[in-house]
Amino acid sequence: MSDFIIGSLFSSPVITRHSGNPILSPGDVPYGPAMVFNAGVAKFKGRYVMVFRNDYGDVRQGKVAPHHTTNLGLAFSDDGITWEVQPQPCWSWHDEEVIRVYDPRLTVIGEQCYICFAVDTKHGLRGGIAVTEDFSSFEVLSLSLPDNRNMVLFPEKIRGKYMRLERPMPVYSRNGKDRFDMWMSDSPDLKYWGNSKLLLTVEDVAYANDKVGPGAPPIKTDKGWLTLFHAVDLDPSRGKNGWEDSWKKRYTAGIMLLDLADPSRIIGRAESPLFVPEAPYEISGGFRNDVIFPGGMILEDSGEVKIYYGAADTVECLATAHVEDLLRLCLERAVK
Ligand code: BMA
């Protein structure tokens with residue numbers, strides 16, 4: 001792959017951004033984070049639950065210093081739009097080895113809610129899976145070898161196995177560049193993972209030149225597992241594009257459909273991105289502009305799909321689409 005520039009991209013017309021975006025901002029959170037984003041969202045025990053990432057710490061003049069840190073916040077909602085933020089963070093993990101836990105994704109399997117997360121440690125970046133019944137305590141079931149992250153679980157066993165999508169970060173074999181791809185693994189018990197397979201590569205995606213990886217956990221439809229993925233392109237001319245000294249990447253979202261019985265088989269993938277940074281809160285004023293990062297997708301009985309996403313690594317937003325439109329994008333004029 002060459003270092004080609006991707007250029008302008010546009011969101012699909014099937015996507016509608018919620019008029020009240022952002023649906024959650026740092027000012028909505030009582031314990032004072034500087035950024036609130038990359039949430040996992042699920043319907044659990046009769047209401048919507050959101051676990052969101054809070055970056056806080058050394059905040060000066062509206063800027064977050066590089067050594068800022070992170071905890072996870074909790075909010076509940078009756079409609080998936082208006083959120084009641086709980087007074088305290090629900091989880092933070094710092095010890096001799098672990099620096100922070102972030103980017104939660106939620107999947108309900110049976111009676112329990114599972115949370116996938118990234119863990120920065122002093123010896124590498126690990127992908128974790130924990131289980132909770134009440135969001136007040138989390139039992140860690142597995143932690144991957146470094147470097148791996150962006151794990152999401154399928155909401156049921158497939159052919160007797162739990163399945164996850166993930167994005168390992170192989171720098172050595174990819175000439176020191178990002179070039180990270182989307183993989184999948186299975187497990188008999190959510191602890192031991194194997195049978196790893198390559199699912200989608202950065203070279204496959206016409207609007208990525210940097211990395212691709214899981215977005216929100218997949219949703220089940222009668223045509224297959226519908227799943228979002230993040231696609232990243234790098235453009236050196238972006239220079240300083242946010243509070244950071246330098247930010248040259250753009251994060252967009254793609255959509256694809258995986259076979260119900262064998263999700264390692266892509267049935268179809270929309271040839272263009274599903275949505276890309278365009279709204280003011282996605283392209284300006286944030287920590288890292290030009291970032292949308294979907295972490296939650298809920299299929300309502302009406303066929304509406306709610307997509308929750310972090311915008312500019314600073315706020316949490318909502319977009320909707322109809323499931324039939326998303327399936328059509330994956331099946332018509334699609335690529336594999
Ligand atoms: C990734 C992660 C995400 C973040 C994204 C864009 O590497 O850190 O949490 O949203 O970069 O900054």
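# Salt bridges, a sheet and a ligand site

Okay, let's start with charges: there are 23 salt bridges in this structure. Keep in mind that what you're looking at is a predicted model. As background, side chains of opposite charge can pair when their charged atoms come close.

Take D55 and R100. Their side chains form a salt bridge, at 3.8 Å from N to O. D55 sits in strand 3, residues 47-56, while R100 belongs to strand 8, residues 98-109, so this pair ties together parts that are 45 residues apart in sequence. And are they buried or exposed? D55 and R100 are both buried.

Another one to look at is K306 with E304, where the side chains meet in a salt bridge at 3.1 Å, N to O. K306 has 6% relative accessibility, so it counts as buried. E304 is partly exposed, because its relative accessible area is 28%. Now, back to D55 and R100 for a moment. Salt bridges with shared partners join R53, D55, R100, D103 and D120 into one network. Hold on to R53 and D103 from that network, please.

On to D181. You'll find D181 in the loop between strand 13, which is 162-168, and strand 14, which is 182-187. Relative accessibility is 7% for D181, so D181 counts as buried. Which side chain does D181 meet in a salt bridge? That's R174, at 3.0 Å from N to O, and R174 is buried as well. The D181 side chain has something else to hold: one of its polar atoms lies 2.9 Å from the backbone nitrogen of V202.

Right, the ligand. Which residues are around the ligand? The list reads N38, R53, D103, R149, W247, Y251, R288, V291, F293 and D313. So here are R53 and D103 again, and both are members of the salt-bridge network I mentioned. Let me give you some distances. For D103, an N or O atom of the side chain is 2.5 Å from an oxygen atom of the ligand. For R53, a polar side-chain atom lies 2.7 Å from a ligand oxygen. For N38, a side-chain N or O atom is 2.9 Å from an oxygen of the ligand. How much of the ligand does the protein bury? On its own the ligand exposes 300 Å², and the protein buries 92% of that.

Next, the strands. There's an open sheet of four strands, in the order 2-3-6-7, with antiparallel pairing. Strand 2 (35-44) and strand 7 (84-85) are at the edges with a single partner strand each, so one side of each has no neighbour in the sheet. Two bridges connect strand 6, residues 69-77, to strand 7 in the antiparallel sense. If you want a spot to click on there, A75 stands opposite V85 in strand 7.

Strand 8, the one with R100, is mostly covered, with 10 of its 12 residues buried. Strand 8 pairs with strand 9, residues 112-121, in the antiparallel sense over nine bridges. Across that pairing, R105 stands opposite C116 in strand 9. The two strands make a hairpin with two residues between them, and G110 in the turn has a positive phi of about 65°.

Since C116 has come up, a word on cysteines. How many disulfides are there? The count is zero. C113 is in no disulfide, and the nearest cysteine sulfur, in C116, is 9.8 Å away. C113 is at 0% relative accessibility, so it counts as buried. Then why does C317 have no bond to C90? Because the sulfur of C90, the closest cysteine sulfur to that of C317, is 20 Å away, and that's too far. C317 also has 0% relative accessibility, so it counts as buried.

Last stop, L24, which is in the loop between strand 1 (16-17) and strand 2. L24 counts as buried because its relative accessibility is 1%. What separation do we get between the C-alpha atoms of L24 and V315? It's 6.1 Å, for two residues that are 291 residues apart along the chain.

If you take one thing back to the bench, take R53 and D103: they are in the salt-bridge network, and they are also among the residues around the ligand. That's my tour.

Key:
Residues are numbered from 1 along each chain as its sequence is written. This is a predicted model: local features need pLDDT of at least 70, side-chain atom pairs count only at pLDDT 80 or more; totals for chains, interfaces and linings use all residues. Side-chain values use heavy atoms; hydrogens and water are left out. Two strands pair if DSSP finds at least two bridges between them. A salt bridge is a side-chain nitrogen of Lys or Arg within 4 Å of a carboxyl oxygen of Asp or Glu. Buried means under 20% relative accessible area, exposed over 50%, partly exposed in between (1.4 Å probe, protein chains only). A residue is near a molecule or strand if one of its heavy atoms lies within 4 Å of it. A polar contact is a pair of N or O atoms within 3.5 Å; within protein, one must be able to donate a hydrogen and the other to accept it, and residues adjacent in sequence count only if both atoms are side-chain atoms. Accessible areas come from the Shrake-Rupley method with a 1.4 Å probe; for residues, only the protein chains shown count as cover. A disulfide is a pair of cysteine sulfur atoms within 2.5 Å.
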